[in-house]
Amino acid sequence: MNYKEAYEKLEKCGQLHVLDYYERLTVPEKEALLEQIDNTDFKVLKYCKNNTTNQKGEIAPLIAMQISQIEENRERYTAIGLEEIKKGKVAAVLLAGGMGTRLGSDSPKGMFDIGITRPVYIFQRIIENLLDVVKDAETWIHLFVMTSDKNHEITMEFFEEQEYFGYNKAFVTFFKQEMVPASDYEGKVYMEEMGKISTSPNGNGGWFTSMSKWGLVDTVKKNGIEWLNVFAVDNVLQRIADPCFVGAVIANGCVSGAKVVKKKTPDERVGTLCLEDGRPSIVEYYELTEAMKEAKDERGEPAYNFGVILNYLFRVKDLDVTTEDKLPLHVVEKKIPYIDKSGKTVSPDKPNGYKYETLVLDMIHHVDNCLSYEVERDREFAPIKNAVGVDSVDTARELCRENGIVL
Ligand SMILES: CC(=O)N[C@H]1[C@@H](OP(=O)(O)OP(=O)(O)OC[C@H]2O[C@@H](n3ccc(=O)[nH]c3=O)[C@H](O)[C@@H]2O)O[C@H](CO)[C@@H](O)[C@@H]1O
């Protein structure tokens with residue numbers, strides 16, 4: 001794209017300030033900026049005023065399959081799931097494109113070391129858990145790892161350096177999610193450098209579209225993979241390709257499943273699995289209404305008592321209807337570093353604009369049904385979100401200790 005074309009594109013969407021520093025750039029920087037303008041989709045910015053494209057329908061509780069029911073059928077479900085895994089029909093997708101800013105670290109979250117007497121990286125914990133299933137199934141399980149522009153190379157190098165923590169590297173594939181511009185409250189993009197628009201990963205809802213762009217959906221289909229277990233990087237007790245979960249979803253004739261835990265409090269920072277206009281749906285914690293927080297069932301228990309731990313099973317053939325363009329866009333307030341008029345970087349200490357994301361949890365609403373599958377939170381949910389306090393390294397370490405994991 002040349003300067004004139006870039007000017008016209010920016011003028012049309014009210015973003016001409018992107019060229020404010022153009023004359024001060026070197027030739028390669030000018031080229032890079034023109035290329036970025038060419039590749040950037042500014043359409044998302046029009047949603048900045050109404051905060052989200054996501055208007056919810058009528059919400060009702062969705063009954064979860066609780067632990068006691070699962071226990072009654074554990075052997076049968078596990079046998080069914082293990083059989084599918086042995087046949088190579090189950091693969092896993094690790095969502096690791098996020099930025100981990102809440103942890104106060106610039107490195108990919110998975111590289112965070114939670115060890116005490118030895119290094120124990122978050123990625124390592126995930127691989128160790130997956131290896132448990134590989135051992136039982138006596139077969140390798142394909143692991144797709146989603147990264148972003150911000151951490152792709154460093155993540156791949158880390159896996160190499162750590163020799164894939166004992167995993168078979170032929171069964172690990174990395175792919176990158178897309179980036180979108182970040183803007184101020186008026187929808188004007190921020191500049192990260194004089195020759196660079198500030199961008200951020202487009203949320204974890206783009207994983208299937210990005211896999212498709214990287215040719216990996218073809219790989220999935222060619223290899224006869226029928227189920228994808230999508231999970232978050234930040235839970236060090238995450239059970240992946242869990243045979244009992246896979247078996248329960250299949251035995252109950254479902255096309256997707258979500259692991260849930262009983263919430264500690266109605267406003268715990270987890271998404272709530274429920275029904276929306278009769279279809280499965282997840283309401284994210286920052287969109288939960290007071291009425292939902294206070295609602296009670298007929299036994300007086302909180303009606304929306306189960307939160308998702310970001311561990312979903314999707315049937316591959318149902319995913320084509322859930323591509324990113326069908327998902328609502330969430331407009332999230334964030335602290336966005338930018339350069340001021342003089343070209344100096346400013347790192348704000350409070351939110352100063354929006355990032356635009358689609359979310360994996362919205363895919364659930366596009367599939368016909370979803371098994372809400374309860375797991376014991378102390379055995380499977382040790383998220384690391386914050387540097388200290390709730391859901392921090394300390395709480396995760398404590399839970400690891402309770403589960404006999406040497407740190
Ligand atoms: C949007 C979403 O799913 N929210 C879930 C997430 O909340 P939470 O607020 O933790 O969600 P985050 O946005 O931090 O990210 C969750 C996961 O998605 C990945 N990621 C995020 C953004 C991105 O662009 N690319 C990417 O790969 C992160 O690396 C992480 O593995 O976990 C909670 C459980 O702990 C769930 O109850 C929430 O429903």
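**Salt bridges, nonpolar cores and enclosed spaces**

Asp 297 is partly exposed, its relative accessible area being 24%. The structure to which this residue belongs is a predicted model. The side chain of Asp 297 forms a salt bridge with that of Arg 299, with an N to O distance of 3.6 Å. Arg 299, in turn, is exposed, with a relative accessible area of 62%. Because exposed means over 50% relative accessible area and buried means under 20%, with partly exposed in between, the value of 24% places Asp 297 in the partly exposed class, whereas the value of 62% places Arg 299 in the exposed class.

The pair is considered here alongside others of its kind. Side chains of opposite charge can pair when their charged atoms come close. Across the whole structure, the search yields 26 salt bridges. One of these joins the side chains of Arg 74 and Glu 71, at 2.9 Å from N to O. Both residues belong to helix H3 (residues 67-86); because they are three residues apart in this helix, about one helical turn separates them. Neither end of the pair is buried: Arg 74 is partly exposed at 34% relative accessible area, and Glu 71 is partly exposed at 42%.

A further salt bridge connects the side chains of Lys 213 and Glu 178, at 3.6 Å from N to O. Lys 213 is located in helix H6 (residues 207-213), while Glu 178 is in the loop between strand E4 (172-176) and strand E5 (179-181); the pair therefore ties together parts that are 35 residues apart in sequence. Lys 213 is exposed, with 56% relative accessibility, and Glu 178 is partly exposed, with 27%. In addition, a network of salt bridges links Lys 109, Asp 234 and Lys 385.

Attention now turns to the interior. In soluble globular proteins, nonpolar side chains tend to be buried together. In this model, the largest nonpolar core comprises 62 residues, and those with the most contacts inside it are Leu 94, Ile 114, Phe 123, Tyr 167 and Tyr 373. Helix H4 (residues 122-137) contributes nine residues, the largest share of this core. Apart from this core lies another, of 33 residues, which includes Phe 306, Leu 319, Leu 327 and Ile 364.

The surroundings of Tyr 373 were examined individually. When neighbours within four places in sequence are left aside, Tyr 373 is in contact with Met 65, Ile 70, Asp 242, Cys 244, Phe 245, Ala 248, Ala 258, Lys 259 and Val 260.

Enclosed and open spaces were also considered. One cavity of 30 Å³ or more was found, and the volume of the largest cavity is about 40 Å³. The lining of the largest cavity consists of Lys 263, Pro 266, Met 292, Lys 293, Ala 295, Pro 302, Ala 303 and Tyr 304. By class, six of these residues are nonpolar and two are charged, with no polar residues.

The second largest pocket has a volume of about 930 Å³. Its lining holds 32 residues, and those nearest its centre are Asp 41, Glu 178, Met 179, Val 180 and Asn 202. Glu 178 thus appears both in this lining and in the salt bridge with Lys 213. Helix H2 (27-39), E5, H6 and strand E17 (353-357) each supply at least two lining residues of the second largest pocket. The classes represented in this lining are nonpolar, with nine residues, polar, also with nine, and charged, with 14.

Technical notes:
Residues numbered from 1 in each chain as written. Predicted model: local features only at pLDDT ≥ 70, side-chain atom pairs only at ≥ 80, totals over all residues. Heavy atoms only, no water. Core = buried A, V, L, I, M, F, W, Y, C linked by side-chain atoms within 4.5 Å. Buried < 20%, exposed > 50% of the residue type's maximum accessible area, 1.4 Å probe, protein only. Helix = DSSP H or I, 4+ residues; strand = E, 2+ residues; numbered from the N terminus. Contact = heavy atoms within 4.5 Å. Salt bridge = Lys/Arg side-chain N within 4 Å of Asp/Glu carboxyl O. 1 Å grid on protein atoms, 1.4 Å probe; cavity = no way out; pocket = protein on both sides within 12 Å on 5 of 7 lines; lining within 4 Å. Points joined across faces, edges and corners; volume = space filled by probe spheres on them. Nonpolar A, V, L, I, M, F, W, Y, C, P; charged D, E, K, R; others polar.
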